[in-house]
Amino acid sequence: MLETLTRGFDAAREKLGGVRELSEENIDEALRDVRMSLLEADVDFAVVRDFLSRVKERCLGEKVQTRVTDAQGRTHKVSPGQHFVAACQQELEALMGPVDTALARDRHGRTSLMLVGLQGVGKTTVAAKLANHLKTQHGKRPLLVAADVYRPAAVLQLQRLGEQIGVDVHAGAEGEPPPSICAAANERARVEGFDAIVYDTAGRLAIDEELMTELRDIHGAVAPGSTLLVCDALMGRDAVNVAQAFSEQLDLDGLVMTKLDGDARGGAALAVKAVTGVPIKYIGTGETVDRIEAFRPEGLASRILGMGDVVGLVQDFESVLDEKEQAQAEEDAERMLKGQFSLEDFLSQLKMIRRMGPIKELFAKLPGMGAIADQVEGDELTKVESMVHSMTRDERRKPELIDKSRAQRIARGSGRQPREVRELVERFVQMREMMGKLGGAGGLMGRIPGMGQLAGAGGAEFDPAALGAGGSRGPGTKAQRRSDQARRKKRKSQKKARRKGRRK
Ligand SMILES: Nc1nc2c(ncn2[C@@H]2O[C@H](COP(=O)(O)OP(=O)(O)OP(=O)(O)O)[C@@H](O)[C@H]2O)c(=O)[nH]1
Ligand SMILES: [Mg+2]
């Protein structure tokens, strides 16, 4: 979704690739690409101008460090291009943050939030997503309130979603006006002991007085802890205008930007806080109820700069994998790079990815990882598993051995088609090759547990965090452990090879 933006920053970085130090001229030259991409991505003109001048100031104003030391005591050389990227990262974060994603309580001590916005932007979906989030992540017992009485089937839509996530939905009587529905729901929450409440309101095609009056009435009747405006990324610059208009009429606490999974230019996400003062609190990245994330400016900034949201990914990895699994993943990665990766390892990686849940999406965005992530959807993993289990040890280690007759045997054993066995082998071989290539790329992958050796192979890459742009996390003692492990393993395999040689 952020290709346009990323392209501009990439071009700028490339231009600075050859320069020895940053000067007013070469910064201006580099910023020209950035300016174009920001405008093309629909970022507000004034925001672009201010942003560029702050980046420039940061590049010129600071004493340019040529070396930095990271948290692990490793020193990195900082090139002018990297310094520029760090300045961009810091300014992008400042543009979108800081964000407090906590949802406030109302005067009854309940987490309560009201969703407002134009038609079709995703209010009802976000209502269900947030109710689900409150239920599963915060252990709350939420009540969903259907306050859209205008669109046919709007109530039914929310009821269906409520059923799906196991959350009660409050609907009004025939002809009951929305403010009174919401007030009744509020009272019901008190009586029945719901500790969270989410009001889904009606949308309009344009901002009209009637809509605003109704929203103000609801707001007055229930005094929600947070009022969130829902905008979709496809609205482009309009999202900024709409946020402006709503915030003039209603006290907005934040914004939920939906459909960031789509083909949008993403510029609105950058500009909205700067123009309206309303921070993005959550982002929607898909149609299903689990596709919602707390907004992290630093994550989006990294992605815009083409570096992937590695910090977020590392956090997510650490939250789903225990230490043993992380160590295992690291070993797998090591073997992958050496081309010793077997189908068994492949299977265990697929299982690990499946456990990551929604962050699969993120994983898929990293270079070359999409192909792997695709295979853990639906029944695919079970299929792969059954086929791998029907293989002999040798076949798992060297899938090249699998010829036509072996494929037939494996297919029979696993209840699959020989074609599927061949496809699996093909995909596996492709992936192994790709991993080999990634090894050279280094850096990025190295910050993900399990991918650590990739960094080792390519040399440590610059990390803007090391310049103070955020908390840096590196392999540290793990790296030490890994290299010890690698050495041990190497000795072992050399020994083995010698033994083999003697036998021959
Ligand atoms: N791809 C994608 N689709 C989304 C997302 N959020 C919502 N949608 C889709 O957008 C469409 C409209 O969503 P709703 O939740 O009904 O929008 P709404 O604002 O409640 O619409 P009205 O009540 O008619 O004003 C539906 O098809 C949703 O599945 C998202 O984050 N990504
Ligand atoms: Mg709706």
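The following questions and answers concern a predicted model and its ligand shell, one helix and the nonpolar cores. Local features need pLDDT of at least 70 and side-chain atom pairs count only at pLDDT 80 or more, while totals for chains, interfaces and linings use all residues. Residues are numbered from 1 along each chain as its sequence is written, and chains are lettered from A and ligands numbered from 1 in the order in which they are written.

User: Which helix gives the largest share of the shell around ligand 1?
Analyst: The shell holds 21 residues, the closest being Gly 122, Thr 124, Thr 125, Gly 203 and Gly 284; a residue belongs if its C-beta atom, placed from the backbone, lies within 6 Å of the ligand. Helices are DSSP runs (H or I, at least four residues), numbered from the N terminus. The largest share, three residues, comes from residues 123-138, helix H5.

User: What positive phi does Asp 42 take just after H2?
Analyst: Helix H2 covers residues 24-40 and reaches 24 Å from its first C-alpha to its last. Just after H2, Asp 42 takes a positive phi of about 80°.

User: Which helix gives the most to the largest nonpolar core?
Analyst: A nonpolar core joins buried Ala, Val, Leu, Ile, Met, Phe, Trp, Tyr and Cys residues through C-beta atoms within 7 Å; buried means that 20 or more other C-beta atoms, placed from the backbone, lie within 10 Å of the residue's own. Of the 94 residues in this core, Val 145, Cys 231 and Val 272 touch the most other members. The most, eight residues, comes from H4.

Technical notes. Helix = DSSP H or I, 4+ residues; strand = E, 2+ residues; numbered from the N terminus. Expected span 1.5 Å × (residues − 1). Buried ≥ 20, exposed ≤ 12 C-beta atoms within 10 Å, placed from the backbone.
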